[in-house]
Amino acid sequence: MERKPKILIVGSLVMDQIAITKEVPQEGHRVFGEEFVKTPGGKGANQAVQAARLGADVTIIGKVGRDANGKELLQACQQEGVDTSRMLYDEDGASGCAVIILEKIPGERTRNRILVISGSNMKIRPKEIEFLKDEIGQYDMVMLQNEIPLEVNETAARYAYEQGVPVMLKPAPVIRRLSKDFISHLTYIAPNEQEIRAMTGVIINRKRGVFNFEEAKVASAIMRGKGYANILTTLGESGALLDAPDKTIYKRAAPGIEVVDPTAGGDSFVAAFCTRVCKGDSRGQALIFANYTAAITISRMGVMDSLPTTEEVMELMKANGRSCV
């Protein structure tokens with residue numbers, strides 16, 4: 001029987017409200033959109049559901065309000081088998097929510113603009129997760145994002161590091177200054193092109209799906225100079241590049257994918273990579289699997305609804321003559 005890894009996600013739960021339009025309104029203007037969708041999301045919840053659909057035993061810790069959105073967010077996780085028994089509650093405030101504008105212009109790539117209202121997500125305090133100090137050693141991976149207070153991430157990463165548990169950080173939104181201690185406690189960091197530009201000042205240029213490898217290496221070198229160990233840069237249609245201390249690994253994206261909604265693509269990728277590494281895949285195998293997982297996600301409308309199962313990913317890989325084993 002395939003091993004079922006235990007993954008802990010400390011992160012955000014956000015109710016996403018998605019407006020789909022061919023035209024983004026300018027100041028003082030009103031335009032008519034195409035469609036409106038409300039769906040559970042947030043980087044923590046997205047990653048939790050994706051990892052669970054790929055066969056991981058997932059626990060999520062975050063904070064929601066005692067409101068309808070909070071109830072719906074928890075139900076969405078629970079329906080996928082995610083353990084929410086350690087969730088925290090904001091007795092007085094509202095759960096996090098987001099407004100997402102998807103600009104879909106025929107013949108061009110879909111663009112998204114996201115406005116997050118953090119709500120209860122930013123009300124977690126380090127003392128509320130002190131219980132993890134004695135429990136975190138049971139997990140195979142800890143996954144973090146920047147939609148909760150930095151000091152909470154620092155606490156969780158320190159606990160994990162002390163117990164020898166690897167830590168993945170998705171640095172979104174970007175926090176420019178992270179402490180050396182926090183950086184030293186991270187095993188992986190997974191920025192996209194915009195995030196690594198904000199962290200290093202390096203623009204990784206792309207043309208017709210081909211990225212500038214030298215620019216990517218310069219960005220990774222700057223990150224390594226700051227103390228990061230394994231820099232996993234996602235490059236959209238160009239694939240993903242892992243710059244590790246022992247080697248550099250590049251894997252192409254799945255071909256022929258039409259981008260419908262890129263909102264959850266990064267979360268899908270990171271969760272897939274972590275799940276497969278914890279299952280025993282090599283880093284290269286995990287990158288291939290993660291690329292194909294994210295490809296399916298961005299080809300569908302919605303956030304959690306777009307996240308695929310292992311069977312769907314394997315089917316797409318088989319159709320393209322790829323294997324992660």
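# Notebook: contacts, cores and charges

**Serine 306.** I began with serine 306, which, leaving aside its neighbours within four places in sequence, is in contact with Ala264, Ile296, Thr297, Arg300 and Met301. I noted at the outset that this is a predicted model. Serine 306 is found in the loop between helix 9 and helix 10 (310-319), and I wrote it down as buried because its relative accessibility is 0%, where buried means under 20%.

**Helix 8.** Next I looked up helix 8, which has 14 residues, and compared its length with what should be expected: at 1.5 Å a residue the span should be 20 Å, and the end C-alpha atoms are 20 Å apart, which agrees. How many of the residues of helix 8 are buried? I found twelve of the 14, so helix 8 is largely enclosed by the rest of the structure. The buried residues of helix 8 include Asp267, Val270, Ala271, Phe273 and Cys274, and I kept these in mind for the entries below. Just after helix 8, I also noted that glycine 280 takes a positive phi of about 110 degrees.

**Nonpolar cores.** I then turned to the largest nonpolar core, which holds 59 residues, and recorded that Leu13, Met143, Met168, Leu232 and Phe273 touch the most other members. Which helix gives the most to this core? It is helix 9 (residues 283-298), with nine residues. To see one of these core residues in detail I listed the contacts of methionine 143, which, apart from its neighbours within four places in sequence, include Ile7, Leu8, Ile9 and Val10 as well as Met168; the list also has Val270, Ala271 and Cys274, three residues that are buried in helix 8. A second, separate core of 37 residues includes Val142, Ala157, Ala160 and Ala219.

**Aromatic pairs.** A pair of aromatic rings is described by the distance of the centres and the angle of the planes. I counted three aromatic pairs by this rule. In the pair of tyrosine 188 and phenylalanine 273 the ring centres are 5.3 Å apart and the planes stand at 80 degrees, so I entered the pair as edge-to-face. Tyrosine 188 belongs to strand 11 (residues 188-189) and phenylalanine 273 to helix 8 (residues 265-278), so this pair ties together parts that are 85 residues apart in sequence. I found tyrosine 188 buried, at 8% relative accessibility, and phenylalanine 273 buried too, at 0%.

For phenylalanine 211 and phenylalanine 213 I noted centres 6.2 Å apart and planes at 55 degrees, so this pair is tilted. Is each of these two rings on a residue that is buried or partly exposed? Phenylalanine 211 counts as buried at 11% relative accessibility, whereas phenylalanine 213, at 36%, counts as partly exposed. Ring pairs link Phe211, Phe213 and Tyr250 into a cluster.

**Charges over rings.** I looked for charged ends over rings as well, and found that arginine 66 lies over the face of tyrosine 89, at 3.9 Å from the ring centre, while the charged end of arginine 86 sits over the ring of phenylalanine 131, 4.4 Å from its centre.

**Salt bridges.** My last search gave a count of 16 salt bridges. In one of them the side chains of lysine 43 and aspartate 267 meet at 3.4 Å, N to O; lysine 43 is in helix 1 (residues 43-53) and aspartate 267 in helix 8, so that the pair links distant parts of the chain, 224 residues apart. Both lysine 43 and aspartate 267 are buried.Glutamate 128 forms a salt bridge with lysine 63, and I noted 3.0 Å between the closest N and O atoms. Glutamate 128 lies in the loop between strand 8 (111-117) and helix 3 (132-135), and lysine 63 in strand 5 (residues 63-65), 65 residues apart. Here glutamate 128 counts as partly exposed, at 24% relative accessibility, whereas lysine 63 is buried, with a relative accessible area of 6%.

I also recorded a salt bridge between the side chains of lysine 170 and glutamate 195 (2.9 Å, N to O). Lysine 170 is in strand 10 (residues 167-170) and glutamate 195 in helix 6 (residues 193-200), so the pair ties together parts that are 25 residues apart in sequence, and both lysine 170 and glutamate 195 are buried. I closed the page with Glu193, Arg206 and Glu237, which salt bridges that share partners join into one network.

Definitions and conventions. Residues numbered from 1 in each chain as written. Predicted model: local features only at pLDDT ≥ 70, side-chain atom pairs only at ≥ 80, totals over all residues. Heavy atoms only, no water. Phe/Tyr/Trp six-rings, centres within 6.5 Å; stacked < 30°, edge-to-face > 60°. Helix = DSSP H or I, 4+ residues; strand = E, 2+ residues; numbered from the N terminus. Buried < 20%, exposed > 50% of the residue type's maximum accessible area, 1.4 Å probe, protein only. Lys NZ or Arg CZ within 6 Å of the ring centre and 35° of its normal. Core = buried A, V, L, I, M, F, W, Y, C linked by side-chain atoms within 4.5 Å. Contact = heavy atoms within 4.5 Å. Salt bridge = Lys/Arg side-chain N within 4 Å of Asp/Glu carboxyl O. Expected span 1.5 Å × (residues − 1).
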